[in-house]
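Hi,

Here is the structure I promised to pass on. Have a look at it first, and my notes on what turned up follow below.

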Amino acid sequence: MNQGEIARLYCDASYGLNGIFDTNDNENPESSEHEEEVGKRLVFEIELCYWHTPPPSPWALPSDEKFQEAEKHRAIGGNYFKMGKFRSALYHYSKIPDYMKGMEGLSEGAQLLAIAYNNKAACYLKLGSFTDGVLSCDKALLLHSDNVKALYRRGKCNLSLLEYKEAANDFSKAFDLDPKNESVIKGLQEAKNKLSKLTGRERDMYKRMF
């Protein structure tokens, strides 16, 4: 069928009566009337309004089309993120690694993967899924160990998870790479303050024990 075409389907009318009454019940005064309906046809008209062609599997695409599809999901995810629709953004960012499987060895592939994992981490931060955020940053840092955004976002996630020592380490590494980054400086100060207070409480606790 083509779009806009109408197809007609025919079936015995008895199928339309199924479950409504028993055509074999001779005591039913209306049974003879309904038995006359048996043998007649029901007609269904079906119009094809539109169809959806599923996208090809990522593994079946040539390399250039894989990059095109990955960039497309990156752009759509970015638009959703700006709109505050973080789950929709996360969905599209999560599609990028599917197209980049086996492309990690290429500088362009590794870069696009790192961006995807970084952007996923940003979504997880907004959604409060901090453990998932840490895991996404880990994947980005496996590709580029000097990725300041990944270090910063992992630090933010660790702060929210109350892992102050790990957060301080992440911010310190990010600071070494980008000492003028105000967000990194602020994160490092916060982590150090939290860690200092925690260390002070632990010290007081040990004093009371002895």
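Let me start with Phe-67, which sits in helix H3. Keep in mind throughout that this is a predicted model. Phe-67 counts as buried because its relative accessibility is 12%, under the 20% cut-off. Leaving out neighbours within four places in sequence, Phe-67 is in contact with Met-100, Met-103, Leu-106, Glu-108, Gly-109 and Leu-112. Ile-96 is 29 residues away from Phe-67 along the chain, yet their C-alpha atoms are separated by 8.9 Å.

Ile-96 itself is worth a click. The residue lies in helix H4 and is buried, with a relative accessible area of 1%. Once neighbours up to four places off in sequence are set aside, Ile-96 has contacts with Ala-70, His-73, Arg-74, Leu-112 and Ala-116. If you want another distance to check, the C-alpha atoms of Ile-96 and Tyr-117 are 9.1 Å apart, with the two positions 21 residues apart along the chain.

Leu-112 turned up in both of those contact lists, so here is its own, because you will probably want to compare them. Again without neighbours within four places in sequence, Leu-112 is in contact with Phe-67, Ala-70, Glu-71, Arg-74, Ile-96 and Met-100.

Now for the core. Which residues touch the most other members of the largest nonpolar core? They are Ala-70, Ile-96, Met-100 and Leu-112, out of 25 residues in that core. Two or more residues each come from helix H3 (63-82), helix H4 (86-99), helix H5 (107-127), helix H6 (130-143) and helix H7 (148-160). H5 gives the largest share, with seven residues. Apart from this core lies another one, of seven residues, including Ala-167, Phe-171, Leu-188 and Ala-191.

Next, a polar residue that is tucked away. Is Asn-147 buried or exposed? Asn-147 is buried, since its relative accessible area is 13%, and its place is in the loop between H6 and H7. Its side chain makes a polar contact of 3.0 Å with the side chain of Asn-118. Not counting residues up to four places away in sequence, Asn-147 touches Ala-114, Asn-118 and Leu-141.

On to the charges. How many salt bridges does the structure hold? There are five, and I'll go through some of them here.

One is between Arg-8 and Glu-45, with the closest N and O atoms 3.0 Å apart. This pair links distant parts of the chain, as Arg-8 is in strand E1 (residues 6-12) and Glu-45 in strand E2, 37 residues apart. Both Arg-8 and Glu-45 are exposed.

Another joins the side chains of Asp-138 and Arg-154, at 2.7 Å from N to O. Asp-138 belongs to helix H6 and Arg-154 to helix H7, so this salt bridge ties together parts that are 16 residues apart in sequence. Asp-138 counts as partly exposed because its relative accessibility is 27%, whereas Arg-154, at 16%, counts as buried.

Arg-154 also forms a salt bridge with Asp-170, where the closest N and O atoms are 2.8 Å apart. Here Asp-170 lies in helix H8 (residues 164-177) and Arg-154 in helix H7, so the pair again ties together parts 16 residues apart in sequence. Asp-170 is buried, with a relative accessible area of 3%. Put together, Asp-138, Arg-154 and Asp-170 are linked in a network of salt bridges.

Last, the surface. Leu-9, Phe-44 and Ile-46 make a nonpolar surface patch of about 270 Å². Ile-46 lies in strand E2 (residues 41-47), the strand that also holds Glu-45 from the salt bridge with Arg-8. At 41% relative accessibility, Ile-46 counts as partly exposed.

If you open the file with one thing in mind, I'd suggest the network of Asp-138, Arg-154 and Asp-170, and then the set of Ala-70, Ile-96, Met-100 and Leu-112 in the core.

Cheers

Key. Residues are numbered from 1 along each chain as its sequence is written. This is a predicted model: local features need pLDDT of at least 70, side-chain atom pairs count only at pLDDT 80 or more; totals for chains, interfaces and linings use all residues. Side-chain values use heavy atoms; hydrogens and water are left out. A nonpolar core is a set of buried Ala, Val, Leu, Ile, Met, Phe, Trp, Tyr and Cys residues joined through side-chain atoms within 4.5 Å. Buried means under 20% relative accessible area, exposed over 50%, partly exposed in between (1.4 Å probe, protein chains only). Helices (H or I, at least four residues) and strands (E, at least two) are DSSP runs, numbered from the N terminus. Contact means heavy atoms within 4.5 Å. Patches are made of residues with over 30% relative accessible area and no salt bridge: like charges are joined within 9 Å, nonpolar side chains (Val, Leu, Ile, Met, Phe, Trp, Tyr) within 5 Å. Accessible areas come from the Shrake-Rupley method with a 1.4 Å probe; for residues, only the protein chains shown count as cover. A salt bridge is a side-chain nitrogen of Lys or Arg within 4 Å of a carboxyl oxygen of Asp or Glu. A polar contact is a pair of N or O atoms within 3.5 Å; within protein, one must be able to donate a hydrogen and the other to accept it, and residues adjacent in sequence count only if both atoms are side-chain atoms.
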